[in-house]
Structures are given as structure tokens and as C-alpha cells.
Amino acid sequence: MFYRRALFYLIAWASFHIIALILLSLLFRMSINKLGKTSKSVITNSEHTIKDTLPNLMATRDDFPILHSTVHGKPLVYFDNGATSQKPHTVIDRITKYYETENGNVHRAVHHLSELAGHAYEGARDTIKTYLNASKREEIIFVRGATEGINLVASSWGRKNLRPDDEVIISGMEHHSNIVPWQLICEERGAKLRIIPVDENGELVLDEYKKLLNENTRFVSVVYVSNGIGTINPVKEIISEAHKYNVPVLIDGCQAAPHIAIDLQDMDCDFFVFSGHKVFGPTGIGVLYGKEAYLNEMPPYQSGGDMIKTVSFEKTTFNDLPYKFEAGTPDISGAIGLATALNYVSGIGHANIAHHEKNLLVYLTDKLKAIPGMRILGEAKNKICLVSFVIEGAHPLDIGTMLDFEGVAIRTGNHCTQPLMESFGVSASCRVSLAFYNTIEEIDVFIEALNKVLRLLK
Ligand SMILES: Cc1ncc(COP(=O)(O)O)c(C=O)c1O
């Protein structure tokens with residue numbers, strides 16, 4: 001009798017707790033949905049109705065530990081993604097796992113760890129080939145970043161192929177990394193640098209580009225997405241025009257890779273570069289893609305171990321692609337981290353990212369335009385969520401410094417695009433550049449902070 005009663009109380013007690021747990025979890029889900037809905041609120045402006053944002057936004061933000069930090073006692077609002085992006089747990093954990101369980105040198109030994117490291121490193125190359133839709137893994141060269149990739153092509157291809165009076169075309173909205181290497185090699189070879197102009201909307205003047213192309217043009221190197229003003233350039237058209245003259249084209253994809261799906265076979269560029277750290281991967285790693293035919297005929301850029309087949313004191317023969325361009329021990333963990341980041345981005349989906357970022361851009365631009373004295377530099381039809389602006393009576397550096405005290409990180413200066421800034425008649429601007437993990441609420445915090453700063457400055 002006693003046992004029966006005890007059993008009855010036990011079952012009743014357990015049932016009560018199970019029901020309570022179910023109710024609590026229902027309540028929790030409702031509150032999460034409510035929070036999510038704040039991000040999905042309907043926002044209207046003159047042209048657009050923003051109905052929803054990234055569906056898994058809340059979960060996505062939780063993937064980035066740094067986004068939950070505070071700066072000067074305020075929650076961080078990170079709007080400097082054009083400079084570098086933040087890293088998700090999965091990338092951080094993958095790099096830790098590599099060093100904890102797989103660390104060895106690649107291509108050099110038969111022991112277990114070397115094999116593990118080699119497998120992961122070459123696997124990363126395959127992931128990147130797939131992400132970019134390149135046709136061959138041999139066309140994927142690991143470099144330190146976009147800057148090194150462009151230097152490699154300018155030095156190796158340029159030194160072999162440029163002759164006096166040849167012409168290299170770049171654009172007026174290039175990052176210094178896609179100006180200086182060409183300037184130096186043109187000087188060395190007696191070649192000339194030609195510039196595609198930028199109009200007042202911040203778009204390339206394609207008619208002028210077509211006029212610049214001629215029998216002396218040897219190379220075209222153009223940015224896909226401007227880091228200075230956010231313009232997305234019509235790279236397919238730029239490439240096909242150059243190909244009419246059999247001229248190879250390099251696309252600087254640094255600011256495109258985090259926002260736009262890249263399809264190299266469709267784009268048909270001859271070279272493509274990007275940096276891992278801008279696309280949620282680690283610093284110190286990047287990719288140079290080159291069509292096999294070009295890479296095969298180019299001399300090595302750096303020399304040393306791994307890029308050779310045979311070495312004697314009389315003569316060295318070089319390794320096959322891609323190793324011919326990867327001298328010395330590469331950034332193994334960086335390549336693995338980058339591949340993890342790209343898989344993560346693919347998991348979110350470029351369509352989701354583009355949709356959400358478009359909403360952010362429309363909302364942000366509207367809010368900025370409501371500020372007296374505001375001048376936005378470049379309002380191209382096709383843009384990523386990056387806005388450069390100046391405000392009458394307030395210096396960009398002061399704005400950036402004071403916003404930092406409000407927890408808001410933006411970039412100020414010339415953004416390594418001095419000629420572009422000069423074409424807008426300014427030496428510096430404020431630049432806000434958003435990623436898929438940014439929210440409408442963060443834009444509100446930024447605008448409120450900006451207004452506060454302006455009240456103090458003006
Ligand atoms: C468009 C563009 N190209 C090239 C670079 C250079 O990239 P990295 O410094 O990672 O080599 C940047 C960096 O800001 C960039 O935005």
C-alpha cells in the first residue's frame with residue numbers, strides 16, 4: 001500500500017515537472033520569436049517595403065562571440081566589415097582543432113600528422129575551388145591575401161609580358177593594392193597605366209573603358225566591388241570587352257566574396273583574388289585564382305622549398321601547379337580556417353545574405369539622408385551595404401573617434417582609395433560597411449549615436 005502511494009506521488013511529481021518544462025520552453029520560444037520579429041519588423045521608405053530580414057538572424061549572431069562584447073561600456077556595433085570581418089565559432093574551433101590534433105608540415109613527410117595536415121590543407125583547396133566554381137584545383141593558389149595575389153600577377157605576368165608603350169587598364173575606384181603593383185611594374189617595363197573614370201554616381205564610365213581598349217592594351221585589372229563606396233561593377237561586361245582584344249583580366253574580389261556568390265567559370269576572368277579575413281576567415285590567408293594556361297607560362301614569384309621539382313647547383317626545375325607559386329611552408333591553419341568560413345557562408349546562403357543586406361542598405365541610406373549636411377559619396381544602382389559619407393562641419397576622424405565611445409566601430413580616412421576620394425573632392429570620409437550579422441536595430445543605435453556626436457561637434 002505504502003509503495004503504491006509512493007509510486008503515485010512519484011508519477012504525479014514527475015508529470016508536474018514535465019508539464020512545467022513544456023510550458024517554460026513554449027514561453028521561451030515565444031519570447032525568442034518576439035525578439036526575432038523586432039528584426040523582421042516592417043520598415044517602409046519611399047521606394048521599398050522591407051518585409052523581412054534574414055530568417056535565422058538571431059542564431060547567426062550567436063555564432064560570432066565578439067558581437068556580444070562591449071566597447072567603452074556600450075554593446076559593440078561593428079560596422080567596419082569592409083576592413084575585416086568577424087569570425088564565427090566554427091572557424092575559431094576548426095583552427096584550434098587543427099593545432100590540437102593535426103599539426104604537421106604539409107607535403108614533406110610520411111608520418112601520420114603530416115598526412116593529416118596535408119589532407120586538410122588540400123581539402124581546403126578543393127572547398128575553395130567549389131566555392132568559386134573554378135574548373136581545376138590546380139588553379140587555386142594560396143597567398144597571404146589579395147595584396148599578395150595582385151603583386152604576384154603584376155610581377156610574374158607583368159615582368160614577362162609587358163613591353164615599352166604597352167598599356168595596362170585599371171579603374172578610378174581601385175584599392176591602392178590594385179594601383180601600386182601595376183604602377184611599379186609599368187614604370188619598370190616602360191608601359192603606361194590607363195584609368196577608367198568614375199562618374200558622380202560612383203559608377204565606372206564603360207563607354208570610356210571601351211575607348212581605352214586598343215591594340216596596345218595588354219592587361220586589365222579591376223575591382224569587383226569598391227571598398228571605398230560600395231559600387232558593384234559589371235565585371236562580366238568588362239571582361240568580355242577585354243577578351244575581344246585577347247587581353248587577360250584580373251578581378252579584385254576582396255569586397256565581393258563576403259556578399260556575392262562567385263562563379264568564376266561564368267564570369268570568365270583570367271585571374272581573381274580575395275582575402276580570407278574579409279569573408280569571415282582568418283587573417284594572413286587569401287586566394288589567387290588563375291587560368292591554368294596563364295599560370296603555366298608565368299615564372300615563379302617567390303622561390304624556395306615546395307615550389308621546386310629538382311634542385312642542383314647548376315639548375316632548378318619548378319614544381320607543377322599550384323605548388324610552383326607556393327614557396328615555403330604555407331599558412332596551413334589559415335587555409336583550413338578559410339575553407340571552414342566559406343562552408344559556413346554557403347550554409348547561410350548567398351540569396352539570404354543579399355536579401356538581408358539589401359534591406360539594411362535601404363534603411364541605412366534613408367536614415368543617413370535625413371541628417372542635415374549629409375553627403376553620400378557614390379549612390380550606384382548596384383551596391384553592397386557599404387556607405388561612405390561626409391557631413392558638413394564635422395571631420396570624419398572626429399566622428400569616428402567619438403562614435404567609438406558609443407561602442408560603434410566605423411572606418412574613417414581615405415580607405416586606401418586616395419584617387420577615388422579625390423575624384424569626389426574629399427581627402428577623407430566616414431565609411432560604414434555591414435555584414436549579414438548586422439541588424440536594423442544596430443543601424444538605429446548607430447544613427448542615434450551619430451546624431452549625438454554631431455550635436456557635440458557642431
Ligand atoms: C577592394 C580591396 N582590394 C584589396 C584589398 C587588400 O586586401 P588585403 O589587405 O587583405 O590584402 C582590400 C582591403 O581592404 C580591398 O578592400
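This section describes the fold, ligand surroundings, internal cavity and selected local features of a predicted model.

The protein chain contains 15 helices and 19 strands. Of its 458 residues, 51% are buried. Among contacts in the protein chain with a separation of 6 or more, 70% are between residues 24 or more positions apart.

The surroundings of the ligand draw on residues from several parts of the sequence, namely Ala146, Thr147, His175, Ser177, Val223, Asn227, Asp252, Cys254, Gln255, Ser275, His277 and Lys278. Polar approaches to the ligand include both side-chain and backbone atoms. A polar atom in the side chain of Gln255 is placed 2.7 Å from a ligand oxygen atom. For Ser275, a side-chain N or O atom is likewise 2.7 Å from an oxygen atom of the ligand. At Ala146, the polar atom belongs to the backbone, and its distance from a ligand oxygen atom is 3.5 Å.

One cavity of 30 Å³ or more was found in the model. The volume of the largest cavity is about 30 Å³. Its lining is formed by Asn81, Gly82, Ser85, Gln255, Pro258, His259, Lys278, Phe280 and Ala435. By residue class, this lining comprises three nonpolar, five polar and one charged residue. Gln255 and Lys278 are included in the cavity lining and are also listed among the residues around the ligand.

Phe280, one of the residues lining the largest cavity, is located in the loop between β11 (271-275) and β12 (286-290). The relative accessible area of Phe280 is 1%, and this residue is therefore classed as buried. Its backbone has a positive phi, near 70°, although the residue is not glycine. Another positive phi in a residue other than glycine, near 60°, is found at Cys416. Cys416 belongs to the loop between β18 (411-413) and α14 (418-423). With a relative accessible area of 26%, Cys416 is partly exposed, whereas Phe280 is buried. A further backbone feature is the cis peptide bond between Leu321 and Pro322, for which omega is about 0°. Pro322 is situated in the loop between β14 (316-318) and α11 (332-348). For context, most residues other than glycine have a negative phi, and most peptide bonds are trans.

Two strand residues illustrate buried positions in the model. Glu167 lies in strand β7, which spans residues 167-171. The relative accessible area of Glu167 is 7%, which falls under the 20% limit, so this residue is buried. Beyond residues up to four places away in sequence, Glu167 touches Lys192, Arg194, Leu212, Asn214, Asn216, Thr217, Arg218 and Phe219. Ser429 is part of strand β19, covering residues 429-433. The relative accessibility of Ser429 is 0%, and Ser429 therefore counts as buried. A polar contact of 3.3 Å links the side chain of Ser429 to that of Ser388. When neighbours within four places in sequence are set aside, the contacts of Ser429 are Leu377, Ser388, Phe389, Val390, Pro396, Arg411, Thr412, Gly413, His415 and Met421. Ser388 thus appears in the contact list of Ser429 as well as in its side-chain polar contact.

Loop residues also take part in associations across the sequence. Asn105 occupies the loop between α3 (89-102) and α4. Its relative accessible area of 25% makes Asn105 partly exposed. The C-alpha atoms of Asn105 and Pro330 are 8.8 Å apart, although 225 residues separate the two in sequence. Excluding residues up to four places away in sequence, Asn105 touches Ser114, Thr329 and Ile332. With Thr329, the interaction includes a side-chain to side-chain polar contact of 3.0 Å.

Arg137 is placed in the loop between α4 (112-132) and β6 (140-143). Apart from neighbours within four places in sequence, Arg137 is in contact with Glu122, Arg125, Asp126, Lys129 and Tyr323. In addition, Arg137 and Glu292 are 155 residues apart in sequence, with a C-alpha to C-alpha distance of 9.7 Å.

Notes
Residues numbered from 1 in each chain as written. Predicted model: local features only at pLDDT ≥ 70, side-chain atom pairs only at ≥ 80, totals over all residues. Heavy atoms only, no water. 1 Å grid on protein atoms, 1.4 Å probe; cavity = no way out; pocket = protein on both sides within 12 Å on 5 of 7 lines; lining within 4 Å. Points joined across faces, edges and corners; volume = space filled by probe spheres on them. Nonpolar A, V, L, I, M, F, W, Y, C, P; charged D, E, K, R; others polar. Helix = DSSP H or I, 4+ residues; strand = E, 2+ residues; numbered from the N terminus. Buried < 20%, exposed > 50% of the residue type's maximum accessible area, 1.4 Å probe, protein only. Contact = heavy atoms within 4.5 Å. Near = heavy atom within 4 Å. Polar contact = N/O pair within 3.5 Å; in protein donor to acceptor, adjacent residues only side chain to side chain.
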